[in-house]
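Good morning, everyone. Please take a moment with the sequence and the structure before I start.

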Amino acid sequence: MNSTTAYKGKLLIIDDEVVAVENLAHAFRKSDYIVTTRTTGPGGIEALENEQFDVIITDLRMERADGMAVLKHAQEKDPDTAVIMITGYATIDSAIEATKAGAYHYIAKPFRLEEVRKVVANAMERVHLVRENHALRSLMDKQQSGQNIITQDTAMQRILDTARQVAVADCNVLIIGESGTGKELVARYTHSHSDRTDGPFIAVNCGALQEELLANELFGHEKGAYTGALEARKGLIEAAEGGTLFLDEIAEMSLAMQVKLLRVIQEHEVQRLGSTRPIPINVRFIAATNRDLKNSVASGRFRQDLYFRLDVVTLNIPPLSERRDDIPLLAYFFLKKYSHRNNRQVEDISPEAMEILCDYDYPGNVRELENLIERGVALADDKHLLPKHLPPTLTERSIQIIRNKGQRLPTLEQQQNQYIQWVLDQTGGNRTKAAEVLGIGRASLWRKLKENK
């Protein structure tokens, strides 16, 4: 094996039949696993004390310390390790008990090598996903303080690097991105890393108010400026003095309002409605939009001079579908947020649920993911968020009626096989539980699986 080989994982094989151990070890080493072997239960337990393994294959019946002892020790040492029991037909009931006690799977003797390979590959994938999720939760906890943004995506990290650089320059910033990508979070992040961090951060949605109301919100008014103006009132521009004003959905602002805003930015002063007296201001402007402002300028819907005033530095926020590495990290962040907010004890996301979340395209971006996790926390009935706590539209995708666009429709047999495999995945590979879910006998399930190989 050369030094560039990418190993699939660490495997411990324990069996008092030396030949069986050697055969399995040879096969898995050829398949690029790091393999450790022991021929006694105590020897396997000793190996567990000295090293961490991803998957353990152990015979159930051994002298001095059997597979159940190995299972118990493995769970105490590292609950994430997957234990696969090898058992003779006469001890199937014991193997089922081992599965209930936490074993990942059991395989009856005599077994086919391909069957063992498949079970080990599935176990490895599950263990790696669980451990990755634990690592992401730890990373999320470290990033959660202050105005940090939860991300491990390299493109997003470059954007945040740029935001930190321009933050101290005190120039205007334009943030572009689809709805739900977190444009306001990036604006707050920029503000918190600037010299204005002790000043106010005020956000206004330019598309949520009619022109007259937006003008009143931004510029304020003097007493008697219009019917009902019983006293003078500061606008949001004045209120943001010494800090940052975030103008969300800036492309929705009317051309008349754009002219007024341009003068404020150019002259560094604001004039309340009903007043002739300009008021000096010290405010940084950060604008955001989900539109292409260059096209809006070309079509005459947005003033070019205002565009250039705002577009000193542009930050383009990628959609969540282009930063999939962030999905597990954000999912755990929202899990902790809504578990705490709703006084729930939902502490983890099952590997199956995480796989479904990671496979989704998120047209609503981060905001949609947040809504999905909030829903899952509300429906969860134990410490784990499971596939059943996600909307049916997501869980149906995992059955993969048509997984890849452009491919021909699957046959009935293919669809049945996919569904059987999906049920097996949901039950952690437990054939007895899977047969119950499918409504067939275990022997029928075994026959169908054999036919599919």
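I will go from the whole chain to a sheet, then to two single residues, and end with some helices.

First, a caution: this is a predicted model. Everything I quote is computed from it.

Let's begin with the chain as a whole. It has 453 residues, and 47% of them are buried. The fold has 19 helices and 16 strands. Now look at contacts between residues at least 6 apart in sequence. Of these, 68% join residues at least 24 apart.

Next, the sheet. In which order do its five strands run? The order is β7-β10-β13-β6-β14. The sheet is open, and the pairing is parallel. At the edges sit β7, residues 201–205, and β14, residues 313–316. Each edge strand pairs on one side only. From one strand to the next, the twist averages 20°.

Let me zoom in on one edge. β7 pairs with β10, residues 244–248, in the parallel sense. Five bridges link β7 and β10. Find F201 there: T244 of β10 stands opposite.

Now the other end of the strand order. Helix α6, residues 154–167, lies across β6, β13 and β14. In numbers, β6 is 173–176 and β13 is 284–289. The helix runs at about 155° to β14.

On to single residues. Start with R196. Where is R196? Look in the loop between α7, residues 183–192, and β7. Is R196 buried or exposed? Its relative accessible area is 8%, under the 20% cut-off, so R196 is buried.

What does R196 touch, beyond its neighbours within four places in sequence? The contacts are D170, H191, G242, G243, T244, N282, V283 and R284. T244 we have just met, opposite F201. Take V283 from that list. R196 and V283 are 87 residues apart along the chain, yet their C-alpha atoms are separated by 9.1 Å. N282 deserves a look too. The side chains of R196 and N282 make a polar contact, at 2.6 Å.

The second residue is S275. Find S275 in the loop between β11, residues 269–270, and β12, residues 279–280. The relative accessible area of S275 is 12%, again under 20%, so this residue is buried as well. What lies 3.0 Å from a polar atom of the S275 side chain? The backbone nitrogen of R277 does.

Last, the helices. Our centre here is α13, residues 326–341. Two partners come up: α15 and α14.

Take α15 first, residues 365–379. The axes of α13 and α15 come within 9 Å and cross at roughly 45°. The two helices are therefore oblique to each other. The crossing is right-handed. On the α13 side, the contact residues include I327, L330, A331 and F334. On the α15 side, they include V366, L369, I373 and V377.

Now α14, residues 351–359. Here the packing angle with α13 is about 120°, and the axes are 9 Å apart. Why is this pair oblique? Angles from 65 to 115 degrees count as roughly perpendicular and those over 145 as roughly antiparallel, so about 120° leaves α13 oblique to α14. The crossing of α13 and α14 is right-handed. From α13, I327, P328, A331 and Y332 make the contact. From α14, the partners are M354, L357 and C358.

One detail to take away: I327 and A331 of α13 meet α15, and I327 and A331 also take part in the contact with α14.

That's my tour. Thank you.

Terms used: Residues numbered from 1 in each chain as written. Predicted model: local features only at pLDDT ≥ 70, side-chain atom pairs only at ≥ 80, totals over all residues. Heavy atoms only, no water. Pairing = 2+ DSSP bridges. Helix = DSSP H or I, 4+ residues; strand = E, 2+ residues; numbered from the N terminus. Axes fitted to C-alpha atoms, helices over the stretch in contact; angles between N-to-C directions. Contact = heavy atoms within 4.5 Å. Buried < 20%, exposed > 50% of the residue type's maximum accessible area, 1.4 Å probe, protein only. Polar contact = N/O pair within 3.5 Å; in protein donor to acceptor, adjacent residues only side chain to side chain. Parallel < 35°, antiparallel > 145°, perpendicular 65-115°, else oblique. Left-handed = near helix turned anticlockwise from the far one by under 90°.
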